[in-house]
Amino acid sequence: MARLISRKETNKRKTLFRDEAMEAAAALLSDDITFEQAWIIHKLDCLGCLLHDVHNPKSTNCRDNPYCIKRLGLEKFEKLIKAEKINTAKVEESQKRRNILEVPCGLTNSGNFCYVNSFLQVWYNDPVFRQIIFDWRPSADYVRPLPPAMDVEAVMNSLQHLFYTMQTTPFEDTDDNRHFTGALRLGNEQQDAQEFSLVLFDALDRNLPKHPHGEEIRQRIRDRYSGSTTQRIWCTCGKESNRSSPFTALQLNIDGFKTLHEVLDAYFGEELLEDYLCDECERRGHVKRQTLPEKLPPVVMLQLNRYVFDVNGRNRKLKTPIIYPRELSARSFHLNVSKYDDFDYELFAVMIHEGDNTYCGHYYDLVRHPFTGVWYKYNDEHVEPLARPPGVDRSKSIPGGRPTPDMKACYGLAYRRKEPKIPEIIMPPDDITETWIVATEHKFDGQTKETIAKSEKRLNDLTLRYNQLSSLFDALETHADRYKTPKDVAFLPTKMLSDILEKEYAAVASVDKAASAEPLTGLSSAPEEAKVPLPAKRPMRVSKLRAVRHKIAGQLSPQEMPVCHHGRLFVDSVLFGDVKAVSRVTAESLLSQYGITTKIKYDSDASENSHPLLTGCDICVDCVKELRREGQFRDSLEGHVKLANRIFKDKSRCSLSRVPKPEGYLYISKKCLANFKKLALREMEHQHKLQSAGATLQFLVNLAAVDCMNTGSACSPRRSRGARRKRLMTKSEGGSPSCNGCHTPSKHAKDDISVGTSVACDEAASASLEVKEETDGVVNGLGTEELASAANMANERKSSVGGMSCKARSAEKGKSTTLEDATQAVSEIDDVNSSSVSSVESGSQPMELDQFETEASMVMMDACQGIDNIEQIDNERPRPVENGEGKSAEECETDKTAQEQSEAQSNDSSPPERPSSSPLERPSSSASRSSTHESGAVEFNSELRCEHGGINLDEFRQAVSPDEWKQLSSYFDPATTFLVRCDEPICQQCEREFNEQQWGKQERKESLRDLRGRIGELLREIDRRRPTQEELGKVYSRGICSRFLSKLNAIIRARTSSLVLPSICQGCVMCSHGLPNVGLSCDFGNVHIVALTEQEWTKLCEEISAGLGMSDSESPTPIVILEQGRIENMCEGCFGERIEALNIQRYVYNDAFIYVALSEDGALSAPLSKTTRRTQKNKCFKVKMSSTDTIRDLKIQLYKQTGQTPNDQLLYRELGGSLLDGDVTLFEARIEKNNADQPLILIAQSMSAVAAKYDEQQPRAPERGFIDTALAH
């Protein structure tokens, strides 16, 4: 069943549009609404929408204008084109040559080589080191070693090539670093940047002397980064030793320090060696050590050690911010120079390690340009200038400064000695760089042209497709100044138009930026007369066109358009903006382009039939009449709501009032009066749903139709016939201002109806002659196959009354089906698309189109020679439908005559005016009159109906006069209205049941009061009793169920009479064998045996039996208590099972707390975290667990609080008890919940040598480092 259109499914703005139309319909003077008035109510008299073409356009579609098809998705193309133009400009800008003097070059990262890029960017920006690399020369006398030895010439050649490319390339980045990593045979593993620097310099220092030109280069490189320190160890006894050692980088410990000055002072300061034994005096604790610089290199590399080990031996990253200055003096390194000979170092590079772990992350650099002094961030291929330089001035390098993000992640600092003048860099000779220059220029020119061409091609494709869609929607748009007749207007679902634009946008927006994909230029945008000149493009191949259309059309979703129960366009769809009024000719072209077919589906059955588009002639006048009645209904509702409230508040009208009710008055329940407005609106909603239920016009995609558009020949006879038929249709459209007898607001009708009618008749007469002349030639040229195809086309366009299609009747037996169908195909021409609309009475005489169609049919039948009678063809044409079934011509004529007679009678006598106090009749239908409560109709006053069909007794009601009843009940269906007169008697059966119930309540109340007086004190005594072991069996020899006593106490203490006295069944304490299976203790769960004396037992049995009316034979089973509280005839087997079940329940729990105490013999190696002060003091931990968890799970939770790994934990039930196995569950170990009194015992061992698999940071596999590379040889 099609989705019902209801106001509940619409938003508030849509409802306002409908309310406006309802008010306009209610304001009409007459109930006899004409077609012109219905046209205006549908808002189809609007002009073109101009709100989207002004300077500050409206950003959303005008749902209240049925002709507005702007802002449905085409604006996305405009934004995309605008963005693509900006992107094209950026592409052209990016393809410009890089300013090699100011803009640095980035390095691509083809793997995990960020540590290599970090090293290269830092040392490339040292002009002296760059010059050393440029001074390298290969030698023909060099003998390349065999792997795995390092080929030092290949390494230096690749480094020289890379540095030259970085300085001269016009690109913003380069991938020539791949030659350098390839020469070193580096793997794709992550490595440490500082370690790579040390290993590379060491490998160059070992291998450069093997090259004929390498010794000088080795020495110059070594002098650039290598310095020396002196380590001095002395004792107070006077013995001293000194040892000199070279250094490449200073390894600084920053843990516990805040500034770089503090770190340097600690590194070069004195250190007491407490465990060092002096050889001279053989004493400990008197030896000190100090490291002092002996020679500082021109470039000092400072490595900040951010890797520390925690108490459990796991390494972690230290994120301590270190405030470092941009300038350092030589004396800051404790170099033994005077203040007059002091010299400065300036910061030129900061290496950053990004990441939370010590074994992985990302390296990037902050480097100062050696010539411009601008600081840049080098992040692989991305190079961008910094807003402010890193570090602080020398005067601000004190504790307390605000750290910056780079101070928290700086991993290495590079300081260069200040030089009065930076030397100019001399490039390598031309014989080395010539091939490099040619290759780079060729690559730049080719890539620049290709990139710009791709960007421009994509922009052209987008612009072309936008122009096509824009032209299509411009031709699709229509309004009151464009169409000639209502049948020139067709209706399409708004969602379908949005869906088409959305899929078109997705097709062009999801295409890759590369312009390898061909533009979507294969779809025609509009009919010939509406096309906009487009740029000339290469035509698309048929296979590509089919693929494009399949891609777009295949993604479209099926759409629906509701049809009212009168068989026409549903007025709410137009008012809500769910459908749009467009040009019919262009709409048909649009549907054919995307392979969309229209079928109608009835709500009464599941059949689907082909159906043409709904046009302007298909608007429903009857729906407008119902809309008018609904508006009048709402206007009168407010007054009747006030009437209902006034009756509701009048106490004298109440049925309990002693004021006599006048004769003829009726009762209305107070609930109906209180909710009168809600009930009336609900009934109106029900009626509205019934009216909206009819059929749905479905828009389905047929991909085969898309393929046919490509495979069909452009010059085939069938296509030429279709065009000729289309030309005939255009002529008939221009001269026919009427649709099947309906007066329509055509161009002439807007000013003068009579003039329009006369002119239309003249044009129709001339058009019939032209049709006769052309149809002769058409039929004579038709073969058998062509006639059959034409017949199929006609059958698809046939329609019925109310806009619903029906199956064409079969041709007369013995006649040629092909010829008859072909005759109908041509004779139908184009008016079959709109001739299905039933006539609506208007003030002017409508033009008859039957004569026009008959003349055309006669011409065709004369030419075909296969049909003898014109009336036979006319009778076989589909007639108006009712609920999807076709009617014969005689039935239609009878219905038409009856309709004319009824309308004539209604026109002769004007409708009487209704008094203001009388409600307007609710618009109804045949379905609503026969509706029931189960179908959704509201039952008015049904609260007063009892279950026996009479008048109930307990519902409050108010008396109303007959006139008031008529006004209030007029909103509801009489079939669902329950009428109750004030003098009508109440249901006798309900009254009898009520009296019996009241009498029973009173009797039970008195009985319970007497019982309370007799056994109340006894029950209180039993509740207070605590018998001893000696009294059991002697004084107290009878037992009773504790659950029965609880129920009896509750009833005795209650003040209500609705409770029923329980019986002494003793079943709760009996097993299946009929024997007791519980004891006297309360430890048996929620039920046990309560001890009584024999007199108490007898009294309780007598009182309960008397209260329930039981005989002596129905006395309960006694339970005998023996000495020491033993129960006679106890079922030992069931008793043991019950005890076991109760014990098991103690160890079954979910999300309960388990307490674990730390033994005094155990020692934690880490401070307790995530615990309260009381827990730390008592060394007791609280963990939330379930009985299905294992002991190992408990240890994991303890690890989160103690820091001890599960392998280091020993758990015992009690001190000195057995060790708990980690694989057993808490239930199997019989550990109770909330064991704060007897917690488990935890003993924490020392750190285990075996790595725990529960550690959050598991140890990494042994690193191979650079063992497998050329740096290790």
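What follows is a walk through some structural features of a predicted model.

Start with the whole chain. The protein chain has 35 helices and 35 strands. Of its 1273 residues, 47% count as buried. Among contacts with a separation of 6 or more, 78% are made by residues 24 or more positions apart.

Helix α4 is a good place to zoom in. This helix covers residues 114–124, and 11 of its 11 residues are buried, so α4 is largely enclosed by the rest of the structure. The buried set mixes residue types: C114, N117, S118 and Q121 are on the list, and so are Y115, V116, F119, L120, V122, W123 and Y124.

Next come α5 (127–134) and α6 (152–168), with a loop between them that holds P148. The peptide bond joining P147 to P148 is cis, with omega at about 10°. As for the helices themselves, two packed helices are described by the angle between their axes and the distance between the axes. For α5 and α6 the angle is about 125° and the axes are 9 Å apart. An angle of about 125° is outside the range of 65 to 115 degrees for roughly perpendicular and is not over 145, so the two helices count as oblique to each other. Their crossing is left-handed. On the α5 side, the residues that make the contact are F129, R130, I133 and F134. Facing them from α6 are M156, L159, Q160, F163, Y164 and Q167.

Two residues stand out for their backbone angles. E282 has a positive phi, near 50°, and is not a glycine. Q1066 is likewise a residue other than glycine with a positive phi, here near 60°. Both are in loops: E282 sits between β6 (271–273) and β7 (287–295), while Q1066 sits between α31 (1042–1053) and β30 (1089–1092). Their surroundings are another matter. E282 has a relative accessible area of 62%, which is over the 50% cut-off, so this residue counts as exposed. Q1066 has a relative accessible area of 1%, which is under the 20% cut-off, so this one counts as buried.

Now for a charged side chain in strand β10 (residues 315–317), where K317 is found. K317 has 10% relative accessibility and therefore counts as buried, the cut-off being under 20%. What does the K317 side chain reach? Its polar partners include the backbone oxygen of H353, at 2.9 Å, and the backbone oxygen of G355, at 2.8 Å. Contacts of K317 beyond its neighbours within four places in sequence take in H353, E354, G355, D356, N357 and T358, along with R306. One of these, D356, is 39 residues away from K317 along the chain, yet the two C-alpha atoms are separated by 6.5 Å.

E964 gives a case with an acidic side chain. This residue belongs to helix α29 (residues 962–969). At 13% relative accessibility E964 is under the 20% cut-off, so this residue too counts as buried. The side chain of E964 makes a polar contact of 3.0 Å with the side chain of R653. A polar atom of the E964 side chain also lies 3.0 Å from the backbone nitrogen of S961. Leaving out residues up to four places away in sequence, E964 touches R653 as well as L643 and I647.

Last up is an open sheet of 3 strands, ordered β30-β29-β31, with antiparallel pairing. The strands at the edges are β30 and β31 (1119–1120), each of which pairs on one side only. Strand β29 (residues 1038–1041) pairs with β30 over 4 bridges in the antiparallel sense. Within that pairing, I1040 has V1090 in β30 as its bridge partner. Helix α32 (residues 1094–1108) packs on the sheet and touches β29 and β30. The direction of α32 makes about 45° with that of β29. The loop that holds Q1066, described above, leads from α31 to β30, one of the edge strands of this sheet.

Key:
Residues numbered from 1 in each chain as written. Predicted model: local features only at pLDDT ≥ 70, side-chain atom pairs only at ≥ 80, totals over all residues. Heavy atoms only, no water. Buried < 20%, exposed > 50% of the residue type's maximum accessible area, 1.4 Å probe, protein only. Polar contact = N/O pair within 3.5 Å; in protein donor to acceptor, adjacent residues only side chain to side chain. Contact = heavy atoms within 4.5 Å. Pairing = 2+ DSSP bridges. Axes fitted to C-alpha atoms, helices over the stretch in contact; angles between N-to-C directions. Parallel < 35°, antiparallel > 145°, perpendicular 65-115°, else oblique. Left-handed = near helix turned anticlockwise from the far one by under 90°.
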